[in-house]
Amino acid sequence: KLPWMDGDVRSGRWRKPSCLALKECNLGVIGVGHIGKAVVKRAVAFGMRVLGNDIEAIEGAFVERTGLEVTDKASLLRQSDFVTLHCNLNATSYHLMDGGAFAIMRPSSILINTARGSIVDEAALVHALRTRKIAGAALDVFEIEPLPESSPLRTLSNVLLAPHNSNNSVE
């Protein structure tokens, strides 16, 4: 809730909303390849329960070392406070996150997409955000880039937007 707390303080409001520590949350990682594994390691370091899903087998030694709970996509969506996408865009992942997926997620869940825009059906996401089927989203990638000025995502207060910048590092 950092962006909203920042906005409150800047506006002169001194509210302290109830929040959760990461160690109280479940993270669902869809796509447990190179980047997904790095995310799992970091989440485990914060004490999070981490669920993973991938169409490829996940190395047993990695699962044992990290405590990753490998599960099907529907179970991951039902149990996760945050769902983060790290899969490739291909025929099996195009619009992987659609209206059906959002209907399964918790109303308090946050979707994070730093993978590829078309993994998420943006129209279904906008509907899920507007109707509070999910609590929010953080997006670094979009179906059309740059994000069109007419995109309804720009108007929603429960979504954070970034310009496909997740791997823009000096190194």
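A residue is called buried here when its relative accessible area is under 20%. I start there because Leu125, at a relative accessible area of 0%, falls under that cut-off and is buried. Keep that residue in mind; I will come back to it. Before that, one caution: what you have in front of you is a predicted model.

First, the overall picture. The chain has six helices and seven strands. Taken in sequence order, these elements give the pattern α-β-α-β-α-β-α-β-α-β-α-β-β. The radius of gyration is 16 Å, close to the 16 Å that the globule rule gives for 171 residues, so the chain is as compact as a globular protein of that length. The C-alpha trace spans about 50 × 40 × 35 Å along its principal axes.

A few totals for the chain. Of its 171 residues, 39% count as buried. The chain exposes about 10,000 Å², and carbon and sulfur atoms supply 54% of that area. If you take the contacts between residues at least 6 apart in sequence, 58% of them join residues at least 24 apart.

Now the sheet. In what order do the seven strands lie in the open sheet? The order is 3-2-1-4-5-6-7, and the pairing is parallel. At the edges are strand 3, residues 69-70, and strand 7, residues 159-161, each of which pairs on one side only. As a reminder, strands of a sheet pair through backbone hydrogen bonds, either parallel or antiparallel.

Let me take one part of the sheet, strands 1 and 2. Strand 1 covers residues 26-30 and strand 2 covers residues 49-53; the two run parallel and are joined by five bridges. One of the residue pairs to look for is Asn26, whose bridge partner in strand 2 is Arg49. Helix 2, residues 34-45, lies across strand 1, strand 2 and strand 4, the last of these being residues 82-85. The direction of helix 2 is at about 170° to strand 1.

After helix 2, the loop to strand 2 contains Gly47. Is Gly47 buried or partly exposed? Its relative accessibility is 42%, so Gly47 counts as partly exposed. For orientation, Gly47 and Asp8 are 39 residues apart in sequence, and their C-alpha atoms are 29 Å apart in space.

On to strands 5, 6 and 7. Strand 5, residues 110-113, pairs with strand 6, residues 136-139, in the parallel sense over four bridges. Within that pairing, Asn113 has Leu139 in strand 6 as its bridge partner. Strand 6 also pairs with strand 7, again in the parallel sense, over three bridges. There, Ala138 stands opposite Leu160 in strand 7. Strand 5, helix 6 and strand 6 together make a right-handed β-α-β unit.

That brings us back to Leu125, which lies in helix 6, residues 122-130. Which residues is Leu125 in contact with, leaving aside its neighbours within four places in sequence? They are Phe102, Leu111, Val120, Ile134, Ala137, Leu139 and Leu153. Leu139 in that list is the bridge partner of Asn113 that I pointed out a moment ago. One distance to go with this: Leu125 and Gly136 are eleven residues apart along the chain, and their C-alpha atoms are separated by 9.4 Å.

Last, some backbone details worth checking on the screen. Where is the cis peptide bond? It joins Glu145 and Pro146, with omega at about -5°. Pro146 lies in the loop between strand 6 and strand 7.

Then there are two histidines with positive phi. His95 has a phi of about 55° although it is not a glycine. His95 is found in the loop between strand 4 and helix 5, the helix being residues 99-104. With a relative accessible area of 19%, His95 is buried; the cut-off is under 20%.

His164 likewise is not a glycine and has a positive phi, of about 50°. His164 is found in the segment after strand 7. At 39% relative accessibility, His164 counts as partly exposed.

To sum up, the model is a predicted one, with an open sheet of seven strands, parallel in its pairing, and six helices in the same chain. Leu125 in helix 6 is buried at 0% relative accessible area. That is all I have.

Terms used: Residues numbered from 1 in each chain as written. Predicted model: local features only at pLDDT ≥ 70, side-chain atom pairs only at ≥ 80, totals over all residues. Heavy atoms only, no water. Pairing = 2+ DSSP bridges. Contact = heavy atoms within 4.5 Å. Axes fitted to C-alpha atoms, helices over the stretch in contact; angles between N-to-C directions. Rg over C-alpha atoms; globule rule 2.2 N^0.38 Å. Buried < 20%, exposed > 50% of the residue type's maximum accessible area, 1.4 Å probe, protein only. Areas by Shrake-Rupley, 256 points an atom, 1.4 Å probe, with all protein chains shown as cover. Right-handed = clockwise from strand over helix to strand, strands pointing away.
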